[in-house]
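Here is a friendly tour of one model, from a small sheet to a pair of packed helices and two unusual backbone angles. Have a look at the structure first, then read on.

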Amino acid sequence: MGNCYSMEEQKLYQQRRLQQHKQERQQLHFVKRNQVEVRHESAKSLNMPENSASSAPQAPRNVKDLRKSPGYSNVDIFTYEEMTLATKHFRPDLIIGEGGFGIVYKGVIDENVRPGYKTVEVAIKELNREGFQGDREWLAEVNYLGQLRHSNLLKLIGYCCEDEHRLLVYEYMVSGNLERHLFRRVGSTLNWSRRMKIALDAAKGLAFLHGAERPVIYRDFKTSNILMDADFNAKLSDFGLAKDGPMGDQTHVSTRVMGTYGYAAPEYVMTGHLTSRSDVYGFGVVLLELLVGRTALDKSRPSREHNLVEWARPLLNHNKKLFRILDPRMEGQYSVKTAMKVAHLAYQCLSQNPKGRPLMSNVVDILENLQSTENPEAILQSGGSGLTLYKVPRDTPVTKSEKRLPSSSEREHNVQRSKPGKGRSKSEPPTDCILYSPSPDFR
Ligand SMILES: Nc1ncnc2c1ncn2[C@@H]1O[C@H](COP(=O)(O)OP(=O)(O)OP(=O)(O)O)[C@@H](O)[C@H]1O
Ligand SMILES: [Mg+2]
């Protein structure tokens, strides 16, 4: 989004944004009101993994604490005046998104904002004080991202906590979120190798969280929370739902069920017992979305295809059927062998039995291996060296129950038409679970 909006365009954009936000509001409020209760518990118990911690010995438990001992050495504290300057007075055409927490602006911190500051593009998220998320959620994000540092986690540059104002300042991820690229963009630039690299990056982020001395469960793994930089390096954002994992002889942590429809692990939805394997399931859903190019829930599809996992998982281990469901936009970009390995990995991650799912560290190893043995150049140059490029089998008979796959252009059309489903499908969990649908992206 540039700065060259005409007044009319700006007005139209704002109208569209407000309209979309209004449509989502009821639902988000319901969700976020309940999230606050859980996040209270989460913020209280924040004990950060030592191997990734900054110098802060203990996470502040509330804003008063944070003000007394102002945070983390690698996180800057900004004034509201500086935030106003960085966002050009929160100019509407600098809005790059909005979630349940509040509006996200693109901004710049430079000499004009703070003398001597090295110019940096940032994303600034302002807590909506009228919303249901408050200090606790804001603090949880500061505490987790203030201490966790990894190349596949979004970097928190700083925050502002002045009077009633609560803002978060992140590194700016120029390519935006994965959801937009995969499902909303016409002419997707996400080819096979890029998708596999994104999967690997995200897996590394999760493996880092799970492997910490005090493991962290991310709990909200989904395409809209995976952000990408100019080179499509992917990072996990949004630690509002993150939770300390089980310690010692604990097998799980008990929580109220929260997350997003379509991504939450079945046993977690049923029992509220949370383990790092719940994140592995969420990862499986995203991997499946990357393979098939469809959203986890899509009500615009025939009813038996509404729920991506239910529909596609049984086909992942079925060679011929697998190649009929892979995203046709990636046709010719992968070898049969590799595609089958990735499909099998997704199948395992989506196992109903949590113990049947691999650890994220195994997932990283598998994806890393696949990348090193096969990059797109290697495929194209390999000729007859044993790798078989996948081609859609033209003469494969299509049974009545497996209608033909739409062509690329039909698919683009469908993708544009369909927003992620919001209602419950027959496979979805009962309504007392706090699961929510992906929030709108206004870009
Ligand atoms: N650091 C960033 N760089 C670039 N864009 C960002 C950044 N942070 C957020 N965004 C954009 O703003 C959008 C809204 O972010 P936010 O995390 O507030 O909500 P969400 O993830 O869409 O919904 P939810 O409230 O469910 O988390 C993101 O989807 C993304 O497109
Ligand atoms: Mg988010």
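Two strands pair if DSSP finds at least two bridges between them. Helices (H or I, at least four residues) and strands (E, at least two) are DSSP runs, numbered from the N terminus. This is a predicted model, in which local features need pLDDT of at least 70, side-chain atom pairs count only at pLDDT 80 or more, and totals for chains, interfaces and linings use all residues. Residues are numbered from 1 along each chain as its sequence is written, while chains are lettered from A and ligands numbered from 1 in the order in which they are written.

**The sheet and its helix**

An open sheet is built from 3 strands in the order β7-β9-β10, with antiparallel pairing. Its edge strands, each pairing on one side only, are β7 (176-177) and β10 (234-236). Between β7 and β9 there are 2 bridges, and Gly-176 has Met-228 in β9 as its bridge partner. Helix α6 packs on this sheet and touches β9 and β10, its direction making about 30° with that of β10; contact here means C-beta atoms, placed from the backbone, within 7 Å, and angles run from 0 to 180 degrees between N-to-C directions, with axes fitted to C-alpha atoms, for helices over the stretch in contact.

How far apart are the end C-alpha atoms of α6? They are 28 Å apart, which agrees with the 28 Å expected for 20 residues (192-211) at 1.5 Å a residue, the expected span being 1.5 Å times one less than the number of residues. Of these 20 residues, 17 are buried. A residue is buried if 20 or more other C-beta atoms lie within 10 Å of its own, exposed if 12 or fewer, and partly exposed in between.

**Helices α8 and α9**

Helix α8 (residues 276-292) packs against α9 (residues 308-316) with axes 11 Å apart and an angle of about 75°. That makes the two roughly perpendicular, a term for 65 to 115 degrees. Val-285, Leu-288, Glu-289 and Val-292 of α8 meet Leu-308, Val-309 and Ala-312 of α9. Buried residues of α9 include Trp-311 and Leu-316, and their cover includes α8, α10 (319-325) and α11 (336-349).

**Two positive phi angles**

Most residues other than glycine have a negative phi. Here are two exceptions.

| Residue | Phi | Loop | Other C-beta atoms within 10 Å |
|---|---|---|---|
| Phe-90 | about 50° | between α3 (80-86) and β2 (95-98) | 15, partly exposed |
| Arg-219 | near 75° | between β8 (216-217) and β9 (226-228) | 25, buried |

Definitions and conventions:
Parallel < 35°, antiparallel > 145°, perpendicular 65-115°, else oblique. Contact = placed C-beta atoms within 7 Å.
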